[in-house]
Amino acid sequence: MIVVAVLVAAATLAATWRHAPGAVAARTAARDSPPGFWYGTDSQFINVPGSGPFQEPAIGGYYGGYVGMAGNWAWWLHCQGAFLAWSKTDSEKANRNFTQYHKGVGTAAYWFMGGPGVDPRYNGTTAEAKRWGARQAARALADIRGRPFRQRVPYPVVWMDVEQPGIAPARDNGWTSVYTSPCSGTVKQHSMRPAVDRADFNGFWGYVRAHSSYAPGVYSAPKVWTHIFGTGSASRIPHTYEWTYEPETANLSYAPSGWCYRGISGCAEFFGGVTRSNKHALMWQFSGGGGVRNAYGDFDQIDRSTVK
């Protein structure tokens, strides 16, 4: 999960990336491939070396993109302990590689999505859940276009981060439980119909489509996805762009080629009816999230070839 790496101090990451065990071996790994694929990073700051064109930390190859948390439902609602995970420095370097050196995809943005159970107006209906999703999308687009970043976000997909982070104020982000209030941390209902969850998702998806030039996408993983949406019609998203975080490795010398690791078994696992052969499979967080930490931060494989 993205939030695992978010909780690691950025200063610690900056200090340790040069000295981590196995760093030399990792830097000699084969570069990103096949054509159209790029390595990148997401969330908190990682020291991206070079003076332009910039290089992917530890792994080698060109720095192909940065994905930052442009907003967070709990931050928006002023919940205690809420956070953002955005590196202005990494975003600038990704954009410079993209615009000046024609490498990678530049900066992308994700929104830390709240489920229906943290909607301040929750009433159990799909209609309200859809409105809640749309309100989050409106705020996400405003955050991307305005403060505090004022940085260009050229990547054409806005990501919904749909996960169950296990942290306050809502351990499941309101996807499977209803809270007495969004920031309370107190559950009043330990269940949620998949149709209500899907209405929230649909509200965000539809608002982004109708009010921006971005396409909507979703970050999640198979186990989390089925836990929230089940395996029925509410879970099916064959025409939505996806970013997955399963499986992951702490060893960066296995950095993938395409959708599979080099040197060990394991390939990216998408969800909701999308497979890695589908054009809607776009990103894989192959190390640094989901509790599988390395000494640097979050690393991603990005397929640029199927989204324009």
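Two strands are taken to pair when DSSP finds at least two bridges between them. With that in mind, the bridge partner of W38 in strand 10 is I302, and this match belongs to an antiparallel pairing of strand 1 with strand 10 over 6 bridges. The model examined here is a predicted one.

It helps to begin with the overall picture. The chain holds 8 helices and 10 strands, and 58% of its 308 residues count as buried. Among contacts between residues at least 6 apart in sequence, 72% link residues at least 24 apart. The accessible surface of the chain amounts to about 11,900 Å², with 53% of it belonging to carbon and sulfur atoms.

At the heart of this description is a barrel: 8 strands close up in the order 1-2-3-4-7-8-9-10, with mixed pairing. On average, neighbouring strands of this sheet are turned by 30° against each other, direction ignored. Helix 7 (residues 194-211) packs on the sheet, where it touches strand 3 (107-112), strand 4 (157-161) and strand 7 (215-220), and its direction makes about 145° with that of strand 7.

Strand 1 deserves a closer look. On its other side from the text above, 3 bridges join strand 1 to strand 2 in a parallel arrangement, and Y39 has Y63 as its bridge partner in strand 2. Strand 1 is mostly covered, as 6 of its 6 residues are buried. F37, Y39 and T41 point one way from the strand, while W38, G40 and D42 point the other way.

T41, which sits in strand 1 (residues 37-42), is buried with a relative accessible area of 0%. Leaving aside neighbours within four places in sequence, the contacts of T41 include I46, E56, P57, Y63, Y66, D298 and D300. One of these residues, D300, is also the bridge partner in strand 10 of Q285. That bridge fits the antiparallel pairing of strand 9 (residues 281-287) with strand 10 (residues 298-303), which extends over 4 bridges.

Helix 6 (residues 126-145) completes the tour. Its 20 residues reach 29 Å from the first C-alpha to the last, close to the 28 Å expected at 1.5 Å a residue. Buried residues of helix 6 include W132, A137, L141 and I144. Their cover includes strand 2 (63-72), helix 4 (73-76), strand 3, strand 4 and helix 7.

Definitions and conventions:
Residues numbered from 1 in each chain as written. Predicted model: local features only at pLDDT ≥ 70, side-chain atom pairs only at ≥ 80, totals over all residues. Heavy atoms only, no water. Helix = DSSP H or I, 4+ residues; strand = E, 2+ residues; numbered from the N terminus. Buried < 20%, exposed > 50% of the residue type's maximum accessible area, 1.4 Å probe, protein only. Contact = heavy atoms within 4.5 Å. Axes fitted to C-alpha atoms, helices over the stretch in contact; angles between N-to-C directions. Expected span 1.5 Å × (residues − 1). Areas by Shrake-Rupley, 256 points an atom, 1.4 Å probe, with all protein chains shown as cover.
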